[in-house]
Amino acid sequence: MAKKSGEFKSAKQVYKLTQQIETYAYPTIGRMVVTDNERAHIVKRLEPIWTTKHETASRVRLHTERVLDLAGVKGLRTGDNPARLKGNLDLIFSAGHKVAKRKHHSALPVDDMPDFWRRLASQFTVGQRPTVPYPDSGPPRGGQGRNLG
């Protein structure tokens, strides 16, 4: 992980990846040797979250595939990668675009914006009030904003 962390855009990405691996991979594989990782282990790891947390499952699968590919490059394992999607796990799991339907929220009419900002601001105490951009002036510039309190 330390060698590859430079490929990520931010420390937050490294943190999220580490959390996903600790949460979804470690409980199933524990301290399993890479040569012992088989398709059944990958399926067991992904099955509970494939339909409910598909984006996370896809990332865990991809990272697992990369780790096993790296193990193959270093000569630590041989044969097919059990975490490979194409021609392998795609035959077991539903297609991602059919599992995780995106649901977009409808847009708020511009005439309703002032009332929306007032209601939003009223949900916070003085110390919690967010700084929001001026709704009339387009995209905010650096440092531009006002406290709605």
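**Helix packing, nonpolar core and aromatic pairs**

Glutamine 20 is found in helix 1 of this predicted model. With a relative accessibility of 12%, glutamine 20 counts as buried, because the cut-off for burial is under 20% relative accessible area. Residues up to four places away in sequence being left aside, glutamine 20 touches Ala25, Thr56, Arg59, Val60 and His63. Of these contacts, Val60 is also a member of the largest nonpolar core.

The protein chain contains five helices and two strands. Read from the N terminus, the order of the elements is α-α-α-α-α-β-β. The chain has 149 residues, of which 23% count as buried. Among contacts between residues at least 6 apart in sequence, 43% join residues at least 24 apart.

Helix 1 comprises residues 11-29, and its axis comes within 9 Å of that of helix 2, with a crossing angle of roughly 135°. Helix 1 and helix 2 are therefore oblique to each other, and their crossing is right-handed. On the side of helix 1, the residues that meet helix 2 are Tyr24, Ala25, Thr28 and Ile29. Their counterparts in helix 2 are His41, Lys44 and Arg45.

Helix 2 also packs against helix 3, at an angle of about 155° and with the axes 10 Å apart. That angle makes helix 2 roughly antiparallel to helix 3, since angles over 145 degrees count as roughly antiparallel. The crossing of helix 2 and helix 3 is right-handed. Here Ile42, Arg45 and Leu46 of helix 2 meet Ala57, Val60, Arg61, Thr64 and Leu68 of helix 3. Arg45 thus appears in the contacts of helix 2 with helix 1 and in those with helix 3.

The largest nonpolar core consists of 12 residues, namely Tyr24, Ile42, Val43, Leu46, Ile49, Trp50, Ala57, Val60, Leu68, Ala83, Leu89 and Phe93. Two or more residues of this core are given by helix 2 (39-46) and by helix 3 (54-73). Several core residues also belong to the helix contacts: Tyr24 takes part in the meeting of helix 1 with helix 2, while Ile42, Leu46, Ala57, Val60 and Leu68 take part in that of helix 2 with helix 3. Leucine 89, another member of the core, touches Arg39, Ile42, Val43, Leu46, Arg61, Pro82, Ala83 and Arg84, again not counting residues up to four places away in sequence.

The structure holds two aromatic pairs. In one of them, the ring centres of tryptophan 50 and phenylalanine 93 are 4.6 Å apart and the ring planes lie at 20°, so the pair is stacked. This pair links distant parts of the chain, with the two positions 43 residues apart: tryptophan 50 is in the loop between helix 2 and helix 3, and phenylalanine 93 is in the loop between helix 3 and helix 4 (96-99). Tryptophan 50 and phenylalanine 93 are both buried, and both belong to the largest nonpolar core.

The other pair is formed by phenylalanine 116 and tryptophan 117, whose ring centres are 5.4 Å apart and whose planes are at 65°, so this pair is edge-to-face. Phenylalanine 116 is partly exposed, its relative accessible area being 31%. Tryptophan 117, in turn, counts as buried at 16% relative accessibility.

Technical notes: Residues are numbered from 1 along each chain as its sequence is written. This is a predicted model: local features need pLDDT of at least 70, side-chain atom pairs count only at pLDDT 80 or more; totals for chains, interfaces and linings use all residues. Side-chain values use heavy atoms; hydrogens and water are left out. A nonpolar core is a set of buried Ala, Val, Leu, Ile, Met, Phe, Trp, Tyr and Cys residues joined through side-chain atoms within 4.5 Å. Buried means under 20% relative accessible area, exposed over 50%, partly exposed in between (1.4 Å probe, protein chains only). Helices (H or I, at least four residues) and strands (E, at least two) are DSSP runs, numbered from the N terminus. Contact means heavy atoms within 4.5 Å. Rings of Phe, Tyr and Trp (its six-membered ring) pair if their centres lie within 6.5 Å; planes under 30 degrees apart count as stacked, over 60 as edge-to-face and the rest as tilted. Axes are lines fitted to C-alpha atoms, for helices over the stretch in contact, and angles run from 0 to 180 degrees between N-to-C directions. Angles under 35 degrees count as roughly parallel, over 145 as roughly antiparallel, 65 to 115 as roughly perpendicular and the rest as oblique. A crossing is left-handed if the near helix is turned anticlockwise from the far one by less than a right angle, and right-handed if clockwise.
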